[in-house]
Amino acid sequence: MILARSMIETIAAALSAHGLTLRGGFNFAGDEETPSGLSGGAARSVLLVGQAGAAPWPHFLRWKESQLQAVANPLDTWSREVIGGVANDFGARAVSPSDRPYLPFQQWAMRAEGLRPSPLGILMHPQYGLWHAYRGALLFEVEIALHEPRGVIHLCDTCVDKPCLKSCPVSAYSADGFAYETCLAHVRGQSGAPCRTGGCLDRNACPYGVDYRYPPQVQAFHMAAFAGR
Ligand code: SF4
Ligand code: SF4
């Protein structure tokens, strides 16, 4: 049995009602070790679920405001609730990037949409630039009528100036990787207000996908979560 394209489109529509986007998918190779599906058998395929720009934000805010008390990790909780509901309706097992042990979401995402990492580590999307994210995945015990894409353009290859490596006041991103503690100390410190209120200056310096850039309040929300505030 194969999950038909028409069914995949119906799943995409169900996710889109919450501002979420179906972010491609693929069939696992026969010899690949895979997580379990809904019934406990090996998953044979995966559909990635995420966002393009800040589309889920109003849906998330409505949900958050309707909660009777403060919810820990609210965006993760909302994502699990919504994606879990869709999984339930379509016979899939929902998994999250925050599940432990970690699942290989970055590798899955690269296979599902043919993306590669930017110098910031975030995958570079040809349309959304750096303004997208993955919120979960649906695991199926059947194959799906989707295949791994080939030949997707990687914009960083032709970006000569790489402004994303030149805008951070403490040069947290470099060829050596990401200096997490340096970034965290700056974001928490007195001079970190621009990062706290408007988001990462390096990420905002990328010239691609600007139509999908998260509004400042969304970036501030993510920065507060990063800084533990
Ligand atoms: S600024 Fe250039 S190198 Fe950096 S993420 Fe954007 S396209 Fe890639
Ligand atoms: S959040 Fe601020 S300190 Fe951290 S990498 Fe981005 S610009 Fe640098």
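Reader: What makes the space taken by ligand 2 a pocket?

Author: In this predicted model, ligand 2 takes up the largest pocket. A pocket is an open set of grid points, with protein on both sides within 12 Å along at least five of seven lines. The space of ligand 2 therefore counts as open.

Reader: Why is the site of ligand 1 called a cavity?

Author: Ligand 1 sits in the largest cavity. In a cavity a 1.4 Å probe fits but cannot get out, so the term marks a closed space.

Reader: Which residues are around ligand 2?

Author: Among them are C168, Y173, C183, H186, V187, C195, C200 and M223. Helix α5 gives the largest share of this shell, 3 residues.

Reader: How do you know what classes the two shells hold?

Author: Cys, Pro and Tyr count as nonpolar, Lys as charged. The shell of ligand 2 has 11 nonpolar, 1 polar and no charged residues. The shell of ligand 1 divides into 10 nonpolar, 1 polar and 1 charged. K162 is one of the residues around ligand 1, and Lys counts as charged, so K162 is the charged one.

Reader: How do you know that α5 and α8 cross?

Author: The axes of α5 (residues 180–188) and α8 (residues 216–227) come within 10 Å and cross at roughly 115 degrees. The crossing is left-handed.

Reader: What makes the contact between them?

Author: Y180, C183, L184, V187 and R188 of α5 meet M223, F226 and A227 of α8. Contact means heavy atoms within 4.5 Å. By class there are 7 nonpolar, no polar and 1 charged residues. Arg counts as charged, so R188 is the charged one.

Definitions and conventions: Residues are numbered from 1 along each chain as its sequence is written. Chains are lettered from A and ligands numbered from 1 in the order in which they are written. This is a predicted model: local features need pLDDT of at least 70, side-chain atom pairs count only at pLDDT 80 or more; totals for chains, interfaces and linings use all residues. Side-chain values use heavy atoms; hydrogens and water are left out. Axes are lines fitted to C-alpha atoms, for helices over the stretch in contact, and angles run from 0 to 180 degrees between N-to-C directions. Helices (H or I, at least four residues) and strands (E, at least two) are DSSP runs, numbered from the N terminus. A crossing is left-handed if the near helix is turned anticlockwise from the far one by less than a right angle, and right-handed if clockwise. A residue is near a molecule or strand if one of its heavy atoms lies within 4 Å of it. On a 1 Å grid over the protein atoms alone, a cavity is a set of points where a 1.4 Å probe fits but cannot get out, and a pocket is an open set with protein on both sides within 12 Å along at least five of seven lines; lining residues have an atom within 4 Å of a point. A molecule sits in a cavity or pocket if more than half of its atoms lie within 2 Å of its grid points.
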